[in-house]
Amino acid sequence: MSSPVVLGIESSCDETGAGLVQDGRLLGHAVASSMDEHARYGGVVPEIAARAHVHAVRPVVQRALDEAGLRLTDIGAVAVTTGPGLSGALQVGLAGAKGLAYALGVPLYGVHHLAGHVAADTLEHGPLPHPCMVLIVSGGHTSLLLVQDLARDPITHLGDTLDDAAGECFDKVARVFGLPYPGGPAIDRAARAGDPYAVPFPRPLPGSYDFSFSGLKTAAARWAESHTGAELPVADGAASLQEAVADVLTRKSVAACVEHGVGTLVVVGGVAANSRVRSLAEERCRAADIELRVPPLRLCTDNGAMIAAVGDLLVRAGAEPAPLDLSIDPSAPLEYAALHPTARTAVAA
């Protein structure tokens, strides 16, 4: 018998996403973004994001259902991001998910946002090998993880962000360079016309699996300041910054695979859409005889399909549904794919 259709809802930041997954297959998904509303401020404004989710969550769920050719009554379980993320934004998604699960009489599962990014790859390439190395690289997170069974086993952190994540570095440097928000795509576009070796930007923490991009951000800002009164060679600066970030990310990831005897590297998260990160990862994995898996661009950024994918894995693994007093944890560490904080534990924390 087929497992139930799982609806996933994602609302941790500025994208409202809904996805439908059954037995590892993506049936339909839809995303609404409030990014344009934040662009004038150069970053996400939490209150604006939360209000946008209120207006978007119901239409997005309906669009996902329409794409899949399904009705609400076809949903057999609901999964929702319960952390980490913006508190108000998470609350909107959780409220919508609770309402649907209660009305439909189906189980509810809380999902860790970053586990969703890991699971996104399964929708394109099938089940993850056990073990695999996962590089999560996004606006707020850069982590190097050793993953066994995503639905059942604890996740081992080999390295994490100590300060600025890679995507945050792109956003902040883009502003210094006079490029638009979001900074990652803007840096990528500008870099196409530049020399990646024009500026000798530093490679942070070369002897560790942890990540730190605040120094690189500062170096880029100082380089831009050195051109006061002269035209800033933005293309060279963008290309050199992008090369430094891609070099650090891929070098550490491949080294971790070799050290731990892991034959598969999975690169996920919004910065996995960066063209140089992808191409350098392909080059280095090929040289080290490591299989590289990267989700398609539409599944790299935040979306509901990845949350539904985790929910589908949890359902098929026989995981316990969330309690009725499921709450959010805006700063939840990634320990397991399921994230079921309650109001009581949230207050205690």
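**Exercise 1. The whole chain**

What share of the 349 residues in the chain is buried? Work this out, then look at the overall dimensions.

*Solution.* Before we start, a word on the model: it is predicted, local features need pLDDT of at least 70, side-chain atom pairs count only at pLDDT 80 or more, and totals for chains, interfaces and linings use all residues. Residues are numbered from 1 along each chain as its sequence is written, and side-chain values use heavy atoms, with hydrogens and water left out.

Step 1: Buried stands for under 20% relative accessible area, exposed for over 50%, and partly exposed for what lies in between (1.4 Å probe, protein chains only). By that rule, 53% of the 349 residues are buried.

Step 2: The radius of gyration is taken over C-alpha atoms, and the globule rule is 2.2 Å times the number of residues to the power 0.38. A compact globule of 349 residues would come out near 20 Å, and the chain agrees because its own value is 20 Å.

Step 3: Along the principal axes, the C-alpha atoms fill a box of roughly 65 × 45 × 45 Å.

Step 4: Count helices (H or I, at least four residues) and strands (E, at least two) as DSSP runs, numbered from the N terminus. The chain has 12 helices and 10 strands.

**Exercise 2. Strands side by side**

Find the partners of strand β7, then visit the hairpin of β2 and β3.

*Solution.* Step 1: Two strands pair if DSSP finds at least two bridges between them. Six bridges link β6 and β7 in the antiparallel sense, and Val137 has Thr142 of β7 as its bridge partner. These two strands form a hairpin with four residues between them.

Step 2: β7 also pairs with β8 (residues 156–160), antiparallel and over four bridges. Here Ser143 is matched with Asp160 in β8.

Step 3: Now check the cover on β7. Six of its six residues are buried, so the strand is largely enclosed by the rest of the structure. Thr142, Leu144 and Leu146 lie on one side, with Ser143, Leu145 and Val147 on the other.

Step 4: Strands β2 (residues 15–22) and β3 (residues 25–33) run antiparallel, joined by eight bridges. Ala18 has Ala30 as its bridge partner in β3. Two residues sit between the strands of this hairpin, where Asp23 takes a positive phi near 50 degrees.

**Exercise 3. A serine in a loop**

Is Ser138 buried or exposed? Which residues does Ser138 touch?

*Solution.* Step 1: Place Ser138 in the loop between β6 (132–137) and β7 (142–147).

Step 2: Ser138 counts as buried because its relative accessibility is 9%.

Step 3: A contact means heavy atoms within 4.5 Å. Leaving out residues up to four places away in sequence, Ser138 touches Ala165, Ala166, Gly167, Glu168, Gly270 and Val271.

**Exercise 4. Covered helices**

Which helices do the buried residues of α7 pack against? Follow this up with Ala235 and helix α4.

*Solution.* Step 1: Seven of the nine residues of α7 (residues 183–191) are buried, so this helix is largely enclosed by the rest of the structure. Among them are Gly183, Ile187 and Ala191.

Step 2: The buried residues of α7 pack against α6 (166–176), α9 (234–260) and α10 (275–287).

Step 3: Ala235 belongs to α9 and is partly exposed at 23% relative accessible area. Not counting residues up to four places away in sequence, Ala235 touches Ala190, Ala191, Ala193 and Gly194.

Step 4: In helix α4 (residues 113–120), eight of eight residues are buried, including His113 and His117.
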